[in-house]
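Colleague: Before I rely on any statement about the ligand, I would like to hear the reasoning behind it. Could you take me through the contacts and then the pocket?

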Amino acid sequence: MAQDFILAGVMGWPIAQSRSPILHNYWIEKYKLNGRYVPLAVKPENLGDAIRGLRALGFRGCNLTMPHKQMAMTMVDRVTDTAKRVGAVNCIVVEPDGKMWGTNNDGNGWYLSLLEVAPSWKPSNGPVAILGAGGAARGLLVTLIENGAKEIRLINRTFEKAEKLAKDIDPSIVKPIAWDKRADVIGDVALLTNTTDQGFIGKPALDISLDRLPKQALVSDLIYTPPETAFLAAARARGNVTVNGLGMLLHQARPAFEAWFGVMPEITPDLRAAIMATFK
Ligand code: NAP
């Protein structure tokens, strides 16, 4: 009997910028599966109807992107502990009985992208510094703590947001730091990560001096357009190992693809090139 046609997609508003359809459809073709992953332009006021509609339309599930990740939390039957801690879901799975569960693979995807480049790196190696306290930072904090981080310095332009996020996640581990102290608090860190949008194409470069950063610190940027931000280039030039944000996008997608399509897909140089070619 022919295999069922498997449908999945990504809900966002706007959605045209999402590279997830290219990524998942690349894997569908590579593994000769019968299915399609589609972009779903869903306005925030229609999110509940759209998620309930997954069942009726026979979707196996979907990803969620801006601005739906938080709102979707209350629109599924169950959420994982990680999603609860993050307070957001980026992936919904529809079970054969129609029940839906949500999880959040963003933080773990980012962590795996670090390990790909530095396999022996551990969050317990030393203090960690995170620049930015927005939606993406939340997932990273939860993953770092789940994997043994003892001290995280959360540095944000709006100090109150760092304070609130630290309190929400774990104030015994996450310490809010004022933006003007950013260069002073990185002298002993094992990791420095940019989760602000500074350095993204069309935005100014991230403004930080790396003079005090230890050479053995790992440096990551969630941005991958451009593939190397001025921040990562400066870190690499002084000898730090650097990781851009493409691996995060690819690694968060793998467990979702497996849950919907039944195959754990591989990340290959060809796939990376296919994604980056869409930005040229
Ligand atoms: P967000 O919730 O809007 O947070 C933006 C952060 O940037 C806030 O902390 C904000 O500080 C800070 N910021 C904005 N302008 C700034 C400036 N001029 N100087 C210093 N800080 C500034 O965004 P998000 O969803 O967390 O996304 C953040 C970045 O991560 C984006 O570049 C996004 O593309 C990237 N990202 C990548 C992936 C991936 O798969 N690689 C996934 C998710 C996100 P305030 O609090 O002071 O406003």
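Modeller: A polar contact is a pair of N or O atoms within 3.5 Å, and please keep in mind that this is a predicted model.

Colleague: What makes the pair formed by the ligand and the side chain of Thr158 a polar contact?

Modeller: An oxygen atom of the ligand is 2.5 Å from an N or O atom in the Thr158 side chain, and since the cut-off is 3.5 Å, this pair therefore counts as a polar contact. The backbone also takes part, with a polar backbone atom of Ala133 at 2.9 Å from a ligand oxygen, and with a backbone N or O atom of Gly245 at 2.9 Å from a ligand nitrogen. Taken alone the ligand exposes 930 Å², of which the protein buries 76%.

Colleague: Which residues come nearest to the ligand, and which helices supply at least two residues of the shell around the ligand?

Modeller: Of the 21 residues around the ligand, Ala136, Asn156, Thr158, Leu222 and Gly245 come nearest, while helix 5 (135-146) and helix 8 (246-261) each supply at least two residues of that shell. By class, the shell has nine nonpolar, nine polar and three charged residues.

Colleague: How do you know which pocket the ligand takes up?

Modeller: A molecule sits in a pocket if more than half of its atoms lie within 2 Å of the grid points of that pocket, and the space taken by the ligand is the largest pocket. This pocket has a volume of about 1700 Å³ and is lined by 50 residues, with helix 5 giving the most to the lining, namely five residues.

Note on methods: Residues are numbered from 1 along each chain as its sequence is written. This is a predicted model: local features need pLDDT of at least 70, side-chain atom pairs count only at pLDDT 80 or more; totals for chains, interfaces and linings use all residues. Side-chain values use heavy atoms; hydrogens and water are left out. A residue is near a molecule or strand if one of its heavy atoms lies within 4 Å of it. A polar contact is a pair of N or O atoms within 3.5 Å; within protein, one must be able to donate a hydrogen and the other to accept it, and residues adjacent in sequence count only if both atoms are side-chain atoms. Accessible areas come from the Shrake-Rupley method with a 1.4 Å probe; for residues, only the protein chains shown count as cover. On a 1 Å grid over the protein atoms alone, a cavity is a set of points where a 1.4 Å probe fits but cannot get out, and a pocket is an open set with protein on both sides within 12 Å along at least five of seven lines; lining residues have an atom within 4 Å of a point. Helices (H or I, at least four residues) and strands (E, at least two) are DSSP runs, numbered from the N terminus. Ala, Val, Leu, Ile, Met, Phe, Trp, Tyr, Cys and Pro count as nonpolar, Asp, Glu, Lys and Arg as charged, and the others, Gly among them, as polar. Grid points are joined across faces, edges and corners, and a volume is the space filled by probe spheres set on the points.
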